[in-house]
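I opened this model to go through its rings, its cores and a few single residues. My entries follow in the order I looked things up.

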Amino acid sequence: MGRVIMVTGATGNIGYHAVSELVAKKEKVRVAVRDIEKDRSLFADLDVDFVHFDFMKPFFFDNALDGVEKVILIRPPQLAKPKKDMKPFIEKMKDKKIKQVVFVSLMGVEKTPFVPHRKIEDIIMKSGIGYTFLRPGFFMQNLNTTHREDIAYRNELFMPVGKAKTSFIDTRDIASVAVKCLTEEGHLGKSYTLTGAEALDYNEVAHIMSETLGRKIEYKNPGILEFRRTIIQRGMKKEFANVMTMLYVLTRLRTAEKVTTDVKAILKRDPITFQQFACEFKDSWKI
């Protein structure tokens, strides 16, 4: 029957592209989703199996993992207590003798033990499951999802990061690296820090977006408290606003500037550039 690869978070920016690439490689893919009927149409053109899955409902785990050899593990952002939210599933993966889990972690977790991603890495390592940790930097796609309205309706980049730079990465590159790590030898027990090929400050980002969209996009650089207050006023939930504020405070402290060559080494090509991303997604910022 061949190996089965299960993908959690399959409807997201990374998961969907990973599923697409795995199917193109003729792998057997199991898409783990909470609502099969709602999500089925997203994968209409792809030959995949669906399974009901929810990290908070352990009675789904046995059936979901039956016959699975490898797993792409993507943490839902709202699950912030790994011992409670993620450990039961990791323990079930161990029971089911999963050979490899590719976990999408976070750049810099090796220096920040308090973040959920680091705690999940620790739980996986202690479990003894074969692992590969992907530690990406800031997603380019945050600009056409989380920050889409600011850019589309206000022509602004509204982030409190001063002059600090960010080594943006396209989520499609993260997906491609995940697929390589699952389908090629030599990646077990490895941790990769994934970035684009350059670090940009937000004035440079604003310039690229202005050129691409044909209208002026301005980098606002509010104060940290003003940023938090404003995004809550604009409708963001407080919990998510707190997380986002913390991430940008860290960025302001120049924690997001690091540039690595891991993407190029694994994919044997240069990472997708910010210019390419902006061009391909420019319709996202049309009103």
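**Phe55 and its ring partners.** I began with Phe55, in a model that is predicted. Is Phe55 buried or exposed? Its relative accessibility is 7%, and the cut-off for buried is under 20%, so I put Phe55 down as buried. I then looked for rings around Phe55. Phe53 pairs with Phe55 edge-to-face, with centres 4.9 Å apart and 80° between the planes. Phe53 is buried too, at 4% relative accessible area.

Next I checked Phe55 against Phe89. Their ring centres are 5.5 Å apart and the planes stand at 85°, so I noted this pair as edge-to-face. I looked up where the two partners sit. Phe55 is in the loop between strand S3 (49-52) and helix H3 (61-65), while Phe89 is in helix H5 (residues 87-95). They are 34 residues apart, so the pair links distant parts of the chain. Phe89 has a relative accessible area of 0% and is buried.

**Other rings.** How many aromatic pairs are there? I count 20 aromatic pairs. I also traced a cluster linked by ring pairs, which includes Phe138, Phe158, Phe168, Tyr202 and Tyr219. Phe227, Tyr248, Phe274, Phe277, Phe281 and Trp285 belong to this cluster as well.

I searched for charges over ring faces. Arg234 lies over the face of Phe158, 4.7 Å from the ring centre. Phe158 is one of the cluster rings. Arg40 lies over the face of Phe50, at 5.0 Å from the ring centre.

**Nonpolar cores.** I turned to the cores. The largest nonpolar core has 34 residues. Which residues have the most contacts inside it? They are Val19, Val31, Val48 and Leu134. I listed the elements that give two or more residues to this core. The strands are S1 (4-7), S2 (28-33), S5 (100-104) and S9 (190-194). The helices are H1 (13-24), H8 (171-183) and H12 (262-267). H8 gives the most, with seven residues.

I followed Leu134 outward, leaving aside neighbours within four places in sequence. Leu134 is in contact with Val102, Phe103, Val104, Ser105 and Leu106. It also contacts Ile174, Val177, Ala178 and Cys181, together with Tyr192 and Leu194.

I then found a second, separate core of 29 residues. Among its members are Phe138, Leu213, Tyr219 and Trp285. I had already met Phe138, Tyr219 and Trp285 in the ring cluster.

**Helix H9.** I checked the length of helix H9 (residues 202-213). Its twelve residues should span 16 Å at 1.5 Å a residue, and the end C-alpha atoms are 16 Å apart, so the two agree. Which residues of H9 are buried? I noted Tyr202, Val205, Ala206, Ile208, Met209, Ser210 and Leu213. I recalled the general spacing: an α-helix has 3.6 residues a turn, so residues three or four places apart point the same way.

I looked at both ends of H9. Asp201 caps the N-terminal end, with a side-chain oxygen 3.0 Å from the backbone nitrogen of Asn203. Gly214 follows H9 and has a positive phi, near 70°.

**Ser127.** I found Ser127 in helix H6 (residues 116-127). Its relative accessibility is 13%, so I logged Ser127 as buried. The side chain of Ser127 reaches the backbone oxygen of Ile124 at 2.5 Å. Not counting residues up to four places away in sequence, Ser127 touches Ile90 and Lys94.

**Three lysines.** Lys92 is in helix H5. Beyond residues up to four places away in sequence, Lys92 touches Phe61, Asp62 and Leu65. I also took its separation from Leu79: 13 residues in sequence and 18 Å in space, C-alpha to C-alpha.

I ended with backbone angles. Most residues other than glycine have a negative phi. Lys97 has a positive phi of about 60°. Lys97 lies in the loop between H5 and S5, and it is exposed, at 69% relative accessible area. Lys268 likewise has a positive phi of about 60°. I found Lys268 in the loop between H12 and helix H13 (274-280). At 68% relative accessibility, Lys268 counts as exposed.

How values were computed. Residues are numbered from 1 along each chain as its sequence is written. Side-chain values use heavy atoms; hydrogens and water are left out. A nonpolar core is a set of buried Ala, Val, Leu, Ile, Met, Phe, Trp, Tyr and Cys residues joined through side-chain atoms within 4.5 Å. Buried means under 20% relative accessible area, exposed over 50%, partly exposed in between (1.4 Å probe, protein chains only). Helices (H or I, at least four residues) and strands (E, at least two) are DSSP runs, numbered from the N terminus. Contact means heavy atoms within 4.5 Å. A polar contact is a pair of N or O atoms within 3.5 Å; within protein, one must be able to donate a hydrogen and the other to accept it, and residues adjacent in sequence count only if both atoms are side-chain atoms. Rings of Phe, Tyr and Trp (its six-membered ring) pair if their centres lie within 6.5 Å; planes under 30 degrees apart count as stacked, over 60 as edge-to-face and the rest as tilted. A charge sits over a ring if NZ of Lys or CZ of Arg is within 6 Å of the ring centre and within 35 degrees of the ring normal. The expected span of a helix is 1.5 Å times one less than its number of residues.
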